[in-house]
Amino acid sequence: MKNHSTEFREIAEKYRNETDKGKYESFYQREFSRMKNDEIIILEIGVFRGKGMEVLKEFFPNAKVYGIDIDKYCERYGNVFIGSEIDKDFLLSVVDKIGEPDIIIDDGSHKTSHQKQTFDILFPRLKSGGIYVIEDLETSYLSGWLDDDRPTTDFLKEKIDEVNLYGKSHKGQFARSEVGNITDIQSIRFYTSICFIEKYE
């Protein structure tokens, strides 16, 4: 196993003209330092020029990093699956091929409807104890990306209520018929324009 001590900031700086991962450098450092040398599976939605994947590969030297994009051009970057982030059959087929991811990062279309649909499809397939990331949440407030009845931020605020009202400590005290599916979310952490949703182990 490789042991890698480079900070996320240093790696993101190398690619600062080719990916915006650097604007989240302190947040990624804080959230993922404990996992950086683990043998994990990472799935990033939205490959673009491929440099975001490069940042992840360098920060997580023992990880298997995969990407999803709608642009066939992105196949050249390796380990990239071509398809839509809201195509349920496609997304589940990717997970079947790579195994349940430890980290999922949605840096895709940024459309609010897509962010929510993708979360609903993929969060259940996130590995227990894994972290789901949604980047660029500022688009929830911009008309070009707000394409349904509520922003992604409102969708995530509702998840906060689920965590606190129907969280792990009360499983069994509420009938499923009353509350629906008991949440598997352990915590939700918001930073500037990004959110980290952690799944129970």
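Reader: Which residues of helix H3 (residues 51–59) are the buried ones?

Author: In this predicted model, the buried residues of helix H3 are Gly52, Met53, Val55, Leu56 and Phe59. To read such a list, recall that an α-helix has 3.6 residues a turn, so residues three or four places apart point the same way. In this case, the buried residues of H3 fall within an arc of 155° when seen down the helix axis, so they line one face of the helix.

Reader: Which elements do the buried residues of H3 pack against?

Author: Their partners include two helices and several strands, and they can be listed in chain order: helix H1 (8–14), helix H2 (25–32), strand S1 (41–45), strand S2 (64–69), strand S3 (80–82) and strand S4 (103–106).

Reader: Before going further, how many helices and strands does the protein have, and in what order do they run?

Author: The protein has 7 helices and 7 strands, and from the N terminus on they run α-α-β-α-β-β-α-β-α-β-α-α-β-β. Of its 201 residues, 50% count as buried. Among contacts between residues at least 6 apart in sequence, 65% join residues at least 24 apart. The accessible surface comes to about 10,100 Å², and 46% of that belongs to carbon and sulfur atoms.

Reader: How should I read burial in a strand, and which residues of S7 lie on each side?

Author: In a regular strand the side chains alternate between the two faces of the sheet. For strand S7 (residues 194–199), Ile194, Phe196 and Glu198 lie on one side, Cys195, Ile197 and Lys199 lie on the other, and all of them are buried. Both faces of S7 are therefore covered, in keeping with the count of 6 buried residues out of 6.

Reader: Which strands pair with S7, and in what sense?

Author: Strand S5 (residues 131–134) pairs with S7 in the antiparallel sense over 4 bridges, and tyrosine 132 has isoleucine 197 as its bridge partner in S7. Strand S6 (residues 185–191) also pairs with S7 in the antiparallel sense, over 6 bridges, and here phenylalanine 190 has cysteine 195 as its bridge partner. S6 and S7 form a hairpin with 2 residues between the strands, and in that hairpin serine 193 takes a positive phi near 65°.

Reader: How many aromatic pairs does the structure hold, and how are their rings arranged?

Author: The structure holds 16 aromatic pairs, and two of them can serve as examples. Tyrosine 28 and phenylalanine 32 form a stacked pair, with 5.5 Å from centre to centre and 25° between the planes. Both residues lie in helix H2, 4 residues apart, which is about one turn of the helix. Tyrosine 28 counts as buried because its relative accessibility is 0%, and phenylalanine 32 counts as buried because its relative accessibility is 1%. The second example, tyrosine 191 with phenylalanine 196, is edge-to-face, with 5.6 Å from centre to centre and 85° between the planes. Tyrosine 191 and phenylalanine 196 are both buried.

Reader: Which residues do ring pairs link into a cluster?

Author: The cluster consists of Phe8, Tyr24, Phe27, Tyr28, Phe32, Phe59, Phe60, Tyr191 and Phe196. Phe59 in this cluster is also one of the buried residues of H3.

Reader: Where do charged side chains lie over the face of a ring?

Author: Arginine 76 lies over the face of tyrosine 73, at 3.6 Å from the ring centre. Lysine 199, which belongs to the buried residues of S7, lies over the face of phenylalanine 123, at 5.6 Å from the ring centre.

Reader: Is glutamate 135 buried or exposed, and what does it touch?

Author: Glutamate 135 is found in the loop between S5 and helix H6 (152–165), and it counts as buried because its relative accessible area is 0%, where the cut-off for buried is under 20%. Leaving aside residues up to four places away in sequence, glutamate 135 touches Asp20, Lys21, Tyr24, Tyr28, Ile105, Asp106, Asp107, His110, Gln115, Ser193 and Ile194.

Reader: Where is glycine 130 placed, and which residues does it touch?

Author: Glycine 130 is in the loop between helix H5 (112–122) and S5, and it counts as buried at 2% relative accessibility. Not counting residues up to four places away in sequence, glycine 130 touches Asp102, Ile197, Glu198 and Lys199. The C-alpha atoms of glycine 130 and proline 101 are separated by 7.4 Å, although these residues are 29 residues apart along the chain.

Technical notes:
Residues numbered from 1 in each chain as written. Predicted model: local features only at pLDDT ≥ 70, side-chain atom pairs only at ≥ 80, totals over all residues. Heavy atoms only, no water. Buried < 20%, exposed > 50% of the residue type's maximum accessible area, 1.4 Å probe, protein only. Arc of directions from axis to C-beta. Contact = heavy atoms within 4.5 Å. Pairing = 2+ DSSP bridges. Phe/Tyr/Trp six-rings, centres within 6.5 Å; stacked < 30°, edge-to-face > 60°. Lys NZ or Arg CZ within 6 Å of the ring centre and 35° of its normal. Areas by Shrake-Rupley, 256 points an atom, 1.4 Å probe, with all protein chains shown as cover.
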